[in-house]
Amino acid sequence: MPISQTHTNANALEVRGIGKRFGGFWAVQDINLTVQPGERRAILGPNGAGKTSLFNVLTGDTPATAGTISLFGTNVTREPINKRIQRGVRRTYQHAHLFNGLTVRETLFLAVAGVRGGWRQVLPLRHNDARLTEAERLAEVAGVTDVLEREVSELSHGQRRQLEIGIALAEDPKILLLDEPAAGLSPAERPKLSALLMALPKDVTVVLIEHDMEIALQTSESVSVLYNGRLLAEGSPKDIMQNEEVHRVYIGGAHGH
Amino acid sequence: MTLFLIVTLNGLTLAALYFLAASGFSLIFGLMRTVNMAHGALLLLGGYVGYSIVDVTGSWGLGVLGGGLAAALAGALVQAGVLGWMQGDELRQTLASIAISIIMADLMLWYWGGLTYQVALPEALAGGQRLPILGVGYANIRLALMAFALATGLALWFLIQRTRFGAVIRAGVDDQDMLRALGYPIGRIFVLVFALGGMLAGMAGVVAASALSIAPGTDLQFLLSSLVVVIVGGMGSIGGAALGALLVGLAEQYGLAYAPTYGVVFTFAIMVLVLAVRPQGLLGKAEQ
């Protein structure tokens with residue numbers, strides 16, 4: 001059972017009592033999570049359960065209202081987003097955020113330069129540059145090498161999702177937060193993405209929000225279920241599938257999506 | 001025929017000035033969604049500083065550079081000191097920039113007075129010459145102004161389309177949040193782009209003070225023209241600023257020459273037409 005595995009290192013992610021309030025509404029409340037280095041964790045929950053709000057707090061997109069977040073033993077609750085990126089946090093968004101006017105190559109270059117620096121240079125992009133080499137390597141990992149010169153606006157939905165993962169893999173990510181990477185993909189595109197997720201480096205910790213049970217169970221070794229902003233259950237995919245309460249609130253009601 | 005050629009050249013001269021003024025305005029709007037109403041004041045500041053530098057040193061090139069740098073510094077201060085604190089609240093930024101514009105105009109009136117200034121031209125740019133093929137005489141400084149605008153446009157295009165920093169700017173125009181999520185310090189990028197926009201405005205001010213003249217009120221004249229140019233051409237697009245400047249500059253001059261009573265109407269007729277048919281501007285992207 002990955003959750004009970006003992007590691008000598010600090011936990012990749014340790015969340016204690018995290019809450020996020022918008023006005024009088026708690027989007028998430030009193031969340032505790034412990035994710036080991038290299039673990040693959042899926043976060044499940046019906047729409048409005050607070051999954052994306054939790055991600056926004058974990059990455060620093062929005063500040064937490066309550067609680068603490070530690071990455072590899074360091075408290076990062078008050079750190080801005082760019083500091084957390086330096087620590088190896090990467091994320092993707094539920095609705096693809098990409099630069100439509102840039103080529104795939106430029107996009108991946110920016111992803112690398114965002115961490116490594118050097119973007120202030122007023123020099124042409126096509127230049128012998130280690131960051132461009134790295135960008136090309138990312139394109140290969142994400143499977144978008146054949147569209148490297150294409151503008152992002154011309155990519156198919158599946159290619160956009162692959163590019164997003166390529167961006168998230170820039171410069172040795174330590175923990176990847178993927179927000180429904182398979183959302184909106186056609187049945188034909190899903191296996192490709194699933195394979196891409198399975199092929200992620202083993203030392204990278206992955207936390208994944210996924211509606212598609214098949215992809216979630218295939219790619220994850222442990223599952224946390226959110227419901228109404230609170231943690232409802234936690235365990236192996238098998239445990240969760242058999243958990244009656246989870247069945248009632250999520251799996252039973254998920255067929256409507 | 002000679003009248004038509006001269007009017008066309010005058011229109012192109014004006015278009016070149018409008019482009020220099022509007023490109024910085026458009027760049028700032030494209031990236032930050034900030035309608036910088038102090039842009040005209042930055043232009044006038046550049047013009048005055050350029051005049052003073054040329055007056056002291058006698059070097060026109062130094063004046064253009066110094067005017068540009070002064071306005072760049074002022075622009076960076078406006079963004080870092082005031083507008084940056086209200087990022088995302090565009091209406092408040094617009095109102096604050098109007099306040100800054102009024103304060104700057106009064107400070108400049110206090111220091112440089114209400115006189116009309118014209119920058120002394122270097123010998124190479126003074127006088128005029130007979131143009132080959134066209135067969136009409138035209139002022140050197142105006143020809144130089146057109147060349148300067150063309151060079152500035154090409155340099156801007158290169159910076160934005162071909163360089164690393166340009167890729168960052170284009171990415172920010174597309175999706176600011178994502179750029180931030182990639183680890184870019186968006187606040188500092190905004191200050192840099194504001195400085196670049198100020199630089200363009202300041203240089204335009206010195207050039208305007210050389211080809212025409214500057215006085216209190218020049219700031220509002222160029223602010224208004226910049227607004228019209230970017231509305232016609234499309235906010236946030238350098239190509240749009242060029243096209244808009246060309247249309248507005250030519251329309252103004254043809255109007256003055258051939259229908260003086262209705263001269264002003266043409267500019268706004270173009271604007272109304274564009275707003276009715278293509279509200280995002282000729283080369284602008286529609287909001288998603």
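# Exercises on a two-chain model

The contact between the chains takes 24 residues from chain A and 19 residues from chain B. Two residues are in contact if their C-beta atoms, placed from the backbone, lie within 7 Å. This is a predicted model: local features need pLDDT of at least 70, side-chain atom pairs count only at pLDDT 80 or more, and totals for chains, interfaces and linings use all residues. Residues are numbered from 1 along each chain as its sequence is written, while chains are lettered from A and ligands numbered from 1 in the order in which they are written.

## Exercise 1: the side of chain A that touches chain B

Find which elements of chain A give two or more residues to the side that touches chain B.

Solution. Start with the elements: they are helix H2 (81-86) and helix H3 (104-116) of chain A. Helices (H or I, at least four residues) and strands (E, at least two) are DSSP runs, numbered from the N terminus. Next, look for the top contributor: H3(A) gives the most, with seven residues. Then sort this side of chain A by residue type: 15 are nonpolar, six polar and three charged. Here Ala, Val, Leu, Ile, Met, Phe, Trp, Tyr, Cys and Pro count as nonpolar, Asp, Glu, Lys and Arg as charged, and the others, Gly among them, as polar.

## Exercise 2: the six-strand sheet

Give the strand order of the open six-strand sheet in chain A, and say why one side of S6 and of S10 is left without a neighbour.

Solution. The order is S6-S7-S8-S3-S9-S10 (chain A), and the pairing is mixed. Strand S6 (89-91) and strand S10 (230-235) of chain A stand at the edges; each has a single partner strand, so one side of each has no neighbour in the sheet. Two strands pair if DSSP finds at least two bridges between them. On average, neighbouring strands of this sheet are turned by 20° against each other, direction ignored.

Now follow the pairs.

- Strand S3 (residues 40-44) and strand S9 (residues 222-227) of chain A run parallel, joined by four bridges. Ala42(A) has Val223(A) as its bridge partner in S9(A).
- S3(A) also pairs with S8(A) in the parallel sense, over four bridges. Ile43(A) stands opposite Ile209(A) there.
- S7(A) and S8(A) pair over five bridges, again in the parallel sense. Leu176(A) meets Val206(A) of S8(A) as its bridge partner.

## Exercise 3: strand S8

Decide whether S8(A) is mostly covered or open.

Solution. S8(A) is mostly covered: five of its five residues are buried. A residue is buried if 20 or more other C-beta atoms lie within 10 Å of its own, exposed if 12 or fewer, and partly exposed in between; C-beta atoms are placed from the backbone. Check the two faces. Thr205(A), Val207(A) and Ile209(A) point one way. Val206(A) and Leu208(A) point the other way.

## Exercise 4: helix H1 and the four-strand sheet

Find what helix H1 (residues 51-59) of chain A packs against.

Solution. H1(A) packs on the six-strand sheet, touching S3, S6, strand S7 (175-179), strand S8 (205-209) and S9 of chain A. The direction of H1(A) makes about 150° with that of S7(A). Axes are lines fitted to C-alpha atoms, for helices over the stretch in contact, and angles run from 0 to 180 degrees between N-to-C directions.

H1(A) also lies across strand S1 (13-22), S2 and S4 of chain A, at about 65° to S2(A). These strands belong to an open sheet of four, in the order S2-S1-S4-S5 (chain A), with antiparallel pairing. Its edge strands are strand S2 (25-35) and strand S5 (74-75) of chain A, each pairing on one side only. Two bridges join strand S4 (residues 66-71) to S5(A). Ser70(A) stands opposite Asn75(A) in S5(A).

## Exercise 5: chain B

Count the helices and strands of chain B, then test its radius of gyration against a compact globule.

Solution. Chain B has eleven helices and two strands. Along the sequence the pattern is α-α-α-α-β-β-α-α-α-α-α-α-α. For 288 residues, a compact globule would have a radius of gyration near 19 Å; chain B has 19 Å, which agrees. The radius is taken over C-alpha atoms, and the globule rule is 2.2 Å times the number of residues to the power 0.38. Buried residues make up 52% of the chain.

Finish with one residue. Leu159(B) sits in helix H5 (residues 140-162) of chain B. Leu159(B) is partly exposed, because 16 other C-beta atoms lie within 10 Å. Leaving out residues up to four places away in sequence, Leu159(B) touches Val122(A) and Gly166(B).
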